[in-house]
Amino acid sequence: MNWDQVKGNWKQLKGKVKQKWGKLTDNELDQLAGQKDQLIGKLQEKYGYEKAKAEREIDEFCRTCQPVP
C-alpha cells in the first residue's frame, strides 16, 4: 500500500496506526487526517525519532498494511 492509499483510507486505518504508535491520541490522529508530513512530526515529538527514522517507520507501515476492501 502506498501513502496515497493510506491517506484515502485514513478513517479505516487509524486503528492500525494507533496500534503501531499507541502514544498518538485519537484526537491527534483525527487532526493528522492522513497527512504524512504531520505524522512524521508527531512521531518525532512523541517518540523522539529523528526525521529519517520516522520516515522509515511510516514507509514500513505502508508496505505491511493491507488494503481496505
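## Salt bridges, rings and cysteines in a predicted model

A salt bridge joins the side chains of Lys 46 and Glu 28, with 3.2 Å from N to O. Because Lys 46 belongs to helix α4 and Glu 28 to helix α3, this pair ties together parts that lie 18 residues apart in sequence. Lys 46 is partly exposed, at 27% relative accessibility, whereas Glu 28 is buried, with a relative accessible area of 11%.

The model is predicted, and the mean pLDDT of the protein is 91, with 96% of the residues reaching 70 or more. Among the elements, helix α4 (residues 36-47) has the highest mean pLDDT, 96, and helix α1 (residues 3-8) the lowest, 88.

The count of salt bridges comes to nine, and three of the pairs are set out below.

| Pair | N to O distance |
|---|---|
| Lys 46 and Glu 28 | 3.2 Å |
| Glu 28 and Lys 42 | 3.5 Å |
| Lys 36 and Asp 59 | 3.1 Å |

Glu 28 also meets Lys 42 in a salt bridge; this pair links distant parts of the chain, with Glu 28 in helix α3 (residues 26-32) and Lys 42 in helix α4, 14 residues apart. Both Glu 28 and Lys 42 are buried. Together with Glu 45 and Lys 46, these two residues are linked in a network of salt bridges.

Helix α4 takes part in a further contact, in which the side chain of Lys 36 meets that of Asp 59 in a salt bridge. Since Lys 36 lies in helix α4 and Asp 59 in helix α5 (residues 51-64), the pair ties together parts that are 23 residues apart in sequence. Lys 36 is partly exposed, with a relative accessible area of 27%, and Asp 59 is likewise partly exposed, at 31%.

Turning to the aromatic residues, the structure holds three aromatic pairs. One of them is formed by Trp 3 and Trp 10, whose rings are tilted, 6.2 Å apart from centre to centre and with 55 degrees between the planes; Trp 3 and Trp 10 are both buried. A ring is also involved at Tyr 49, where the charged end of Lys 53 sits over the ring, 4.8 Å from its centre.

As for the cysteines, the count of disulfides comes to zero. The sulfur of Cys 62 has its closest cysteine sulfur in Cys 65, at 7.3 Å, and is therefore too far away for a bond, given that a disulfide requires the sulfur atoms to be within 2.5 Å. Cys 62 is buried, with a relative accessible area of 6%, and Cys 65 also counts as buried, at 6% relative accessibility.

Note on methods:
Residues numbered from 1 in each chain as written. Predicted model: local features only at pLDDT ≥ 70, side-chain atom pairs only at ≥ 80, totals over all residues. Heavy atoms only, no water. pLDDT = per-residue confidence, 0-100. Helix = DSSP H or I, 4+ residues; strand = E, 2+ residues; numbered from the N terminus. Phe/Tyr/Trp six-rings, centres within 6.5 Å; stacked < 30°, edge-to-face > 60°. Buried < 20%, exposed > 50% of the residue type's maximum accessible area, 1.4 Å probe, protein only. Lys NZ or Arg CZ within 6 Å of the ring centre and 35° of its normal. Salt bridge = Lys/Arg side-chain N within 4 Å of Asp/Glu carboxyl O.
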